[in-house]
Structure formats: C-alpha cells, structure tokens
Amino acid sequence: MTSDALFLPLAIAVPFLTGFVLLLKGRSLSPWLSRALAWAGFATPAVAAFCAWWVFAVRLSDTPIIDHALHGPYVHTPEFLFTSDYDAGLGFLGITLKLGLNGLSLPMFVLAGVVGLAAGIYAMYTQTDRKEAYWGLLLFIVSGAVGVFCSINLFYFYFFHEFALIPTFILIGWWGGPGSRTAALEMTIYLTLGAMLSLLGLLALYFHSGAHSFDLVSMRAWTLPAGGDSGAENRIFALLMFGFGILVSLWPFHSWAPSGYSAAPTPAAMLHAGVLKKFGLYGLLQIAVPLLPGGMSSWGHTLAWLALGNVVIIGVATMAQRDLKMMLGYSSVMHMGYIFLGIACVSALGAGGAIILMFAHGLSIAALFLLSDAVYQRTRTYDFGAMGGLCQKAPVLAGFFVAATLAGAGLPGFANFWGEFTIFVALWKYAPLMTALAALGLIISAIYGLRAVSRVFFGEPSPAFRPLFDGVVKDIQPRERWPAVLLLGALMVVGFWPSTFSRGINEALPLVYQNTPPAGSVVALAPTNLVPATPVAQPASLR
C-alpha cells in the first residue's frame, strides 16, 4: 500500500475517532481542546480530498496505461486509485473494507470533504447547547459520508450511509426547529423504506452476479460478460431504482425532504442535502446502471418521466413557498430531477453531466442553507412577508446570497452550468419532448430564486422587521463568511476549470458503462451502443 493510499482511511477514521471522543468525554475536556479535536475531525477529510484531487489529476496526466480490451487501443488510467483493502473478518462472504476512487467517485469525495469542513466551521462557532455532542454527531455524519463515496465494496457502501443517517435523525429531533420531532419521524419512515429496498436490491445483485463477493470490480467482471436473466435484472433494478429514488426524494416520494430540511439545524441540512442525498444518485451511476444494463433499458423511460415530476411539479410547488427554508428544501428536490434525467439518458454525456451537477448542487444548496440561516439570525424569521431591505444593512451577505442563488440557477462561471448544459444536450439526443418540458425548470428556478432575493434584500423593511432593522443589524460575520467563501470558491474553480473533473470522468465512463445500451433500446448489449472506440469526448468539450 502506497503512502497516498492513506488519504481515504484517514479521511474516514479521524472524524469518527474525534467525534467518538467528543461524544464520550467532550464535557470533561477544556473548551480549546474540544474545539481543536473538532477542527481536526472536520479538516482532515477536506485536506485528504484536496490532496486526492491534486494527485488524481497528476496521475491522469503522467501515468497512462494502454488498454486493448475496448475496441482496440484506449488510453486510460487504472480504474481505481488510492486503493487499500482491510480484512474485517468477513472475507468468506466477500466483505472487506476496500477503498478507492475513480473518476466518478472523486468529485463526490471532494464534495464530502468541502461541505463537511464548511458545515463544521459554521457549527463550531454557532452558539448551541451540548455543543460537544452536537459536533460529535456532525463528525459521525462526515465520516459516514466520506466512507460512502470511497467504498469499492458494496457492503460498506451501504453501511457507511446508514451509519451517517442515524446521527442525522438525532440532530434533527434534538437540535431542530419547530416541528422537528414530526419531521425526524417522517424522514425516518421514508428513508428506512428506501434503505430496505436498496438493501434488498444489493443483496439480490450479490446473488445474481455469481461473483460471491460484494466487491464492485469483481461483480462487474462477472455480471457484464454473462448477460443473464432479463426478468431478474428488471426486478433487481426496480428495487434499486425505487430504493435509491426514495433516498434522493424522487417524485412522488419526496415529501420528507422539504419539511426535514426546514426543521433541521443548518449544519445537518448542509450535510444531508449537500452530500448524503447524493448516495442514491451515485449508487445508480456507479452500480445499478452499469451492472444491470437490461434493467436500465426497461426502466429508463419510467425514471425519466418521474424525474420530470421533480422538475415541473415540484418546481411549481417551490414557487408557491413563502418560507425561505421551505423554498430551499423544495428547490433541492426539484434539482434532483435534472440529475435523474442525466442518468436516464444512459449516455456518457448524460452520466458525466449528472456527476458534475451532483457536485455543484451539493455545494450550492449547502451555501444557500448556510446563508439562509445568516438571514434568519438578522431577521428572526424565514417568512418572506416579514423581511425586506436587508441589503442596506448587510450588502456582503446579499452578494453571497445572490451568487449562490445564481449558481443554483445555472449561471455560467459556476459548476452548475456545466452539469445542466451537458444534461440538456444529452437529453435532447434522448427525447426532445422531455428536453422542452425540463427547460421549464430553468424559468421556474429563475422566478423563485430572484423573487427570494427581491423579498429578502431589496425594497423597504416590512413593519414586522422594522424594529430589528432600525437596531443593530450587522453584515456577514467571519463564521458565516469563510464557509461561504469555501463553498462558492469550489463552485467557481470547477465553473472556470471543468476539466479538473471531466478528465477523470471521461476516463472512468468507458470502463463503467461498456455494456450499457441506451434506455429503451432494443439493440443487443454491446459496447458500441454507448462508448466509442476513441476516448469519450463528453464532457471533455468543457475543457
């Protein structure tokens, strides 16, 4: 195991261990030591993510390998980098803690590190009761989220997600706002159902593959060449599609998300909406679609139409909201529809756009939840009708909020633009009518986003807000400013330099999607249906 293979184990272990110490002994530690432990736990995954990001880019440039398996010469790097494998005593079941990153998982790993650090900074400098336990539970979420995206073994892929969900429920129920207990219960019911369906699908996939292992690479080697029972593939894919879909708030299984995020403490909302919610989407892209190509072919159109429900129906519901945090919760559900549409296209372009939009949406929605709480701290309400004129007292906060809103709407210069652009191009090739319907979402996003900016920051203060407005209303503070800079800065780096991720995505897609036909295709499974013999140009055109 090379030294850079320690990036991933440390990114999982350090937040877990520091969180455990804070939960167990936090109240007996001095305040500076508790905060130092929390800093170490939140910063380590972010540092590991940036190091992996850099090393991955260098290796893509410097260490190509010639692979003749895919229609002749094809230059790519090894499928997974930074790999390590630890025997947990369950090797006879094909369960080992195998970690690694490929071009699809690297953006998600970076997302977990960046959002985890931003949420941690905000949490550490926000007044709350039982702060050591609060920080410890957030660190458990970060540890689990990081583990999800660097697990090559599907058992641990599922395990880390469930490990991260438990503290999420506790944080919402204990530290949440009004209606938090009800929201936590609704989330628990929905997400438990989704998790059970996903678990059944993963177990069925384990037995169907014939690999006798939960290792993703081994399952791919057994599943793809063998083909198999199309009926079994359809049933397994349905379990995974609906299980993962519920976890991602696929319409109409979405009602838990807006109320849950509205009631959640801000750092928990940032981590779940920004990172954990991508679990199901990532599972479809990395596992379900490539391992069950027949199932995707059968269910692709259904997935696309349900995704349009997210974009159009939930989009209209988002416009109807009069509560800032509820609006952000609905908008998060709405934008999941674009990512599902990218997956449903079953093309290299659509999958690449989905990965980039997952990364971008995670950063932008985390920034918006952070900034909405900053607005609340100054207005003491999320009601649009009780705000107004805040830009006069907090112009920097207004600038950050406008930037995050425009990023979410797909403004060029932010990573969201490249994700949405590539998805729309892929969708046009897949179904022009769906493209026209999905384009309504762009108008809807602009309407509710700009309306929120107008109601919160411009005009005259409402009568309810006037007493606070005439008092001491400060502009954005360092504990709010630096997490926002981190999130928006990462969005702009990828917005101006998309090849930082698209190169790795291009290298991974031919290996992952080599036997997957377009959804609805009746052509026999063959690599030529999706991946050309030359390196995939999408989304490399973003370079």
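**Figure 1. The largest nonpolar core of this predicted model has 185 residues.** Phe-109 and Leu-487 have the most contacts inside this core. Helix H14 supplies the largest share of the core, with 20 residues. Leu-487 touches Val-114, Val-115 and Ala-118. Leu-487 also touches Met-270, Leu-363, Ala-366, Ala-367 and Leu-370. These contacts leave out residues up to four places away in sequence. In soluble globular proteins, nonpolar side chains tend to be buried together.

**Figure 2. Phe-140 and Phe-163 form one of the 32 aromatic pairs found in the whole structure.** The ring centres of Phe-140 and Phe-163 are 5.4 Å apart. Their planes meet at 45°, so the pair is tilted. To count as tilted, planes must be neither under 30 degrees apart nor over 60. Where do the two partners, Phe-140 and Phe-163, lie? Phe-140 is in helix H4 (residues 131-150), and Phe-163 is in helix H5 (residues 154-175). The pair therefore ties together parts that are 23 residues apart in sequence. Phe-140 is buried, at 12% relative accessibility. Phe-163 is partly exposed, at 21%.

**Figure 3. Phe-157 and Phe-244 make an edge-to-face aromatic pair.** The two ring centres of Phe-157 and Phe-244 lie 6.4 Å apart, with 85° between the planes. Phe-157 belongs to helix H5, while Phe-244 belongs to helix H8 (residues 230-248). This pair therefore links parts that are 87 residues apart in sequence. Are Phe-157 and Phe-244 buried or exposed? Phe-157 has 1% relative accessibility and counts as buried. Phe-244 has 0% and also counts as buried.

**Figure 4. Phenylalanines and tyrosines gather in one aromatic cluster.** Its members include Phe-16, Phe-20, Phe-155, Tyr-156, Phe-159 and Phe-160. Tyr-206, Phe-207 and Phe-214 belong to the cluster too. So do Phe-140 and Phe-163, the tilted pair of Figure 2.

**Figure 5. Arg-35 lies over the face of Tyr-125.** The distance from Arg-35 to the ring centre of Tyr-125 is 4.7 Å.

**Figure 6. Arg-378, Arg-479 and Glu-480 are joined into one salt-bridge network.** The structure holds 5 salt bridges. In one of them, the side chains of Arg-378 and Glu-480 meet at 2.9 Å, N to O. Arg-378 sits in helix H14 (residues 348-379), and Glu-480 sits in helix H19 (residues 478-496). The bridge therefore ties together parts that are 102 residues apart in sequence. Arg-378 counts as buried, at 8% relative accessibility. Glu-480 is buried as well, at 1%. Glu-480 also forms a salt bridge with Arg-479, at 3.6 Å, N to O. Arg-479 is partly exposed, at 22% relative accessibility.

**Figure 7. Arg-466 and Glu-460 form a salt bridge.** Their closest N and O atoms are 3.7 Å apart. How accessible are the two partners, Arg-466 and Glu-460? Arg-466 has a relative accessible area of 31% and is partly exposed. Glu-460 reaches 59% and is exposed.

**Figure 8. Helix H15 (residues 395-408) packs against several other helices.** H15 has 14 residues. From its first C-alpha to its last, H15 reaches 20 Å, close to the 20 Å expected at 1.5 Å a residue. Which residues of H15 are buried? They are Leu-397, Ala-398, Phe-400, Phe-401, Ala-404, Thr-405, Ala-407 and Gly-408. An α-helix has 3.6 residues a turn, so residues three or four places apart point the same way. The buried residues of H15 pack against helix H13 (324-344), H14, helix H16 (415-430), helix H17 (432-457) and H19. Gly-410 follows H15, and its phi is positive, near 90°.

**Figure 9. Ala-273 is a buried residue in helix H10 (residues 266-276).** Its relative accessibility is 0%. What does Ala-273 touch, not counting residues up to four places away in sequence? Its contacts are Tyr-261, Lys-278, Ser-332, His-361, Ile-365 and Phe-369. Ala-273 and Gly-260 are 13 residues apart in sequence. In space, the C-alpha atoms of Ala-273 and Gly-260 are 9.9 Å apart.

Key
Residues are numbered from 1 along each chain as its sequence is written. This is a predicted model: local features need pLDDT of at least 70, side-chain atom pairs count only at pLDDT 80 or more; totals for chains, interfaces and linings use all residues. Side-chain values use heavy atoms; hydrogens and water are left out. Rings of Phe, Tyr and Trp (its six-membered ring) pair if their centres lie within 6.5 Å; planes under 30 degrees apart count as stacked, over 60 as edge-to-face and the rest as tilted. Helices (H or I, at least four residues) and strands (E, at least two) are DSSP runs, numbered from the N terminus. Buried means under 20% relative accessible area, exposed over 50%, partly exposed in between (1.4 Å probe, protein chains only). A charge sits over a ring if NZ of Lys or CZ of Arg is within 6 Å of the ring centre and within 35 degrees of the ring normal. A salt bridge is a side-chain nitrogen of Lys or Arg within 4 Å of a carboxyl oxygen of Asp or Glu. The expected span of a helix is 1.5 Å times one less than its number of residues. Contact means heavy atoms within 4.5 Å. A nonpolar core is a set of buried Ala, Val, Leu, Ile, Met, Phe, Trp, Tyr and Cys residues joined through side-chain atoms within 4.5 Å.
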